[in-house]
Amino acid sequence: MTLTRAGNVRVLFRVRLEAGAALGEVHGAIVRAGGEIVAMETRALHADHSVRDITVAVDTEPDVRAVEQALDEVQGVKRLETLDRTFLVHVGGKIATHLKVPVVDRDDLAVVYTPGVARVCEAIRDRRDRAFEFTIRKNTVAVVSDGSAVLGLGNIGPEAAMPVMEGKAMLFKRFADVDAFPICLATQDVDEIVETVERMAPSFGGINLEDISSPRCFEIEERLRKRLDIPVFHDDQHGTAVVMLAGLINALKIVNKRMQDVSVVVAGVGAAGVACTKILLAAGVGHIVGVDRVGIIERGRHYDNPVKQWYAENTNSENRRGTLEEAVRGADVFIGVSGPGILTVGHVKQMARDPIVFAMANPIPEILPEVAAGHVRVMATGRSDYPNQINNVLCFPGMFRGALDVRARDITEEMKQAAALAIAECVPEEQLSEQYIIPSPFDPNVVPAVSRAVQAAAVRSGVARAAAPLELEEEPLYTEM
């Protein structure tokens, strides 16, 4: 098993405790072995013993063996089973289809299948847009990947990417009641991916591109957006960018700075970094400097990579040169979508008053919050074990819910900006703080708010083909401080 994050391994230990055995000793043994108890359940309770299920989080698989050994050494405790909870959840896959109407007799069969279904087919033949009314297309999204850039694991291939895409489909259903299906392609050729998605598009109302490596992801999305009349959204780019902007909107309120006045450094100019840059430019940020492994992306310099060439032509208005250290000097905001540990306390000390740092590299951010503490005013990461997690699940369910409900032909920049503002506004002004600039993915207000905002923006953008099911409110994207 390959680990992508500390504490990612969840193991269930089923143990028998003799009467008189101290739970405190069990807890202490687990902690000393490097584990953390996240749940405990009593399976059986008898006069002379009890059986408990103890779920433990550890960093690595060797830690599992260490916890096993520690439990075996506790007096009065017998380890019965060790079960990997993560693998148990994945047995047989995590999603399934279900019937929306019953099929219990011949009459039902004649309605849902032949001969009755022929009438519906003819109606769609005569007016193809009726597919959105009489098939699953109205509420179905394809989650498409080639397995080339999966989480922090890299190019692991389509089969290994399936658990992630299944998880994505689960989140679509859980948070926005959107039916999503994972499609992992056995090709990494741009032309073949575009052709495949184009040919299967009549079955779906939207396309969510996922975990496709840069720079191919840019071309794939651009070409599909031109060819298809349904929303195409590369979540690694735009989902990250939308949630980042939402967090920044609230962070700037805390430090009393305006979007158009701040200078921003973006570390990492791949898919997420470029999308973050574009959405910041659209939001009114005037000064952005991008940094890759070599250093600052210089204005006026020629780059063979077309993405970096675009970056050079549209950012770094002061034409700064040099390393990350030169880039962050005097900057108000650091946006990290690069790699672990590249930002130091020394760098942060050179930033402007009340620095904002979004260190979003996973599993290890560009700078750890405990390292940055006392030097950063507002801190965010991509991790769930720190405050202010920049999590794509705050965006894509509501984004597609809104786009599907108005049958949008595309997802525009205005729709992304509206989604970001809606997410930001889910944090009440009176609760806004350095530790709370972004709502929880489980906040029930997020998806409806994003959906409404996206619907309204789709109407304004002219890409909506159906009336919004919810009342739309015309609101400015930003309010002046």
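Reader: Hi! In which sense do strand E5 and strand E6 pair, and over how many bridges?

Author: Strand E5 (residues 140–145) and strand E6 (residues 179–184) pair in the parallel sense, over six bridges. Two strands count as a pair if DSSP finds at least two bridges between them. The labels are DSSP runs numbered from the N terminus: helices are H or I runs of at least four residues, and strands are E runs of at least two. Before we go on, this is a predicted model in which local features need pLDDT of at least 70 and side-chain atom pairs count only at pLDDT 80 or more, while totals for chains, interfaces and linings use all residues. Residues are numbered from 1 along each chain as its sequence is written, and side-chain values use heavy atoms, with hydrogens and water left out.

Reader: Thanks! Which residue in E6 is the bridge partner of Val143?

Author: Pro182 is the E6 bridge partner of Val143. To get from E5 to E6, the chain passes through helix H7 (residues 158–176), and this β-α-β crossover is right-handed. Right-handed here means that, with the strands pointing away from the viewer, the path from the first strand over the helix to the second runs clockwise.

Reader: Cool. New topic: how many residues are in the largest nonpolar core?

Author: That core has 108 residues, and Ile207 and Phe358 have the most contacts inside it. Helix H10 (residues 235–255) gives the largest share of this core, twelve residues. A nonpolar core is a set of buried Ala, Val, Leu, Ile, Met, Phe, Trp, Tyr and Cys residues joined through side-chain atoms within 4.5 Å. Buried means under 20% relative accessible area, exposed means over 50%, and partly exposed is in between, using a 1.4 Å probe and protein chains only.

Reader: And what is Phe358 in contact with?

Author: Not counting neighbours within four places in sequence, its contacts include Met244, Gly247, Leu248, Ala251 and Phe334. Contact means heavy atoms within 4.5 Å. There is also a second, separate core of 19 residues, with Ala327, Phe334, Ala359 and Val376 among them.

Reader: Why do nonpolar side chains end up together?

Author: In soluble globular proteins, nonpolar side chains tend to be buried together.

Reader: Is Val64 buried or exposed?

Author: Val64 is buried, because its relative accessible area is 4%. You can find Val64 in helix H2 (residues 61–72). Outside the four places on either side in sequence, Val64 is in contact with Val9, Val11, Phe13, Val58 and Thr82.

Reader: What about a charged one? Where is the place of Arg14?

Author: Arg14 sits in strand E1 (residues 9–18). With a relative accessible area of 19%, Arg14 counts as buried. The side chains of Arg14 and Asp53 are joined by a polar contact of 2.7 Å. A polar contact is a pair of N or O atoms within 3.5 Å; within protein, one must be able to donate a hydrogen and the other to accept it, and residues adjacent in sequence count only if both atoms are side-chain atoms.

Reader: Which side chain makes a polar contact with the side chain of Glu325?

Author: The side chain of Gln350 does, at 3.1 Å. Glu325 is in helix H13 (residues 324–328), and it is partly exposed because its relative accessibility is 35%.

Reader: Switching again: how many disulfides does a search of the whole structure find?

Author: The search finds zero, where a disulfide is a pair of cysteine sulfur atoms within 2.5 Å. Cys184, for instance, is in no disulfide: the nearest cysteine sulfur, in Cys217, is 16 Å away.

Reader: And why is there no bond for Cys276?

Author: The closest cysteine sulfur, in Cys395, is 11 Å from that of Cys276, so the two are too far apart for a bond. Cys276 is also buried, with a relative accessible area of 0%.

Reader: Last one! Which residues does a cis peptide bond with omega of about 5 degrees join?

Author: Ser214 and Pro215 are joined by one. Pro215 lies in the loop between strand E7 (206–209) and helix H9 (216–227). That loop between E7 and H9 also holds Asp211, which has a positive phi of about 55 degrees although it is not a glycine. The peptide bond from Asn362 to Pro363 is cis too, with omega near 5 degrees.
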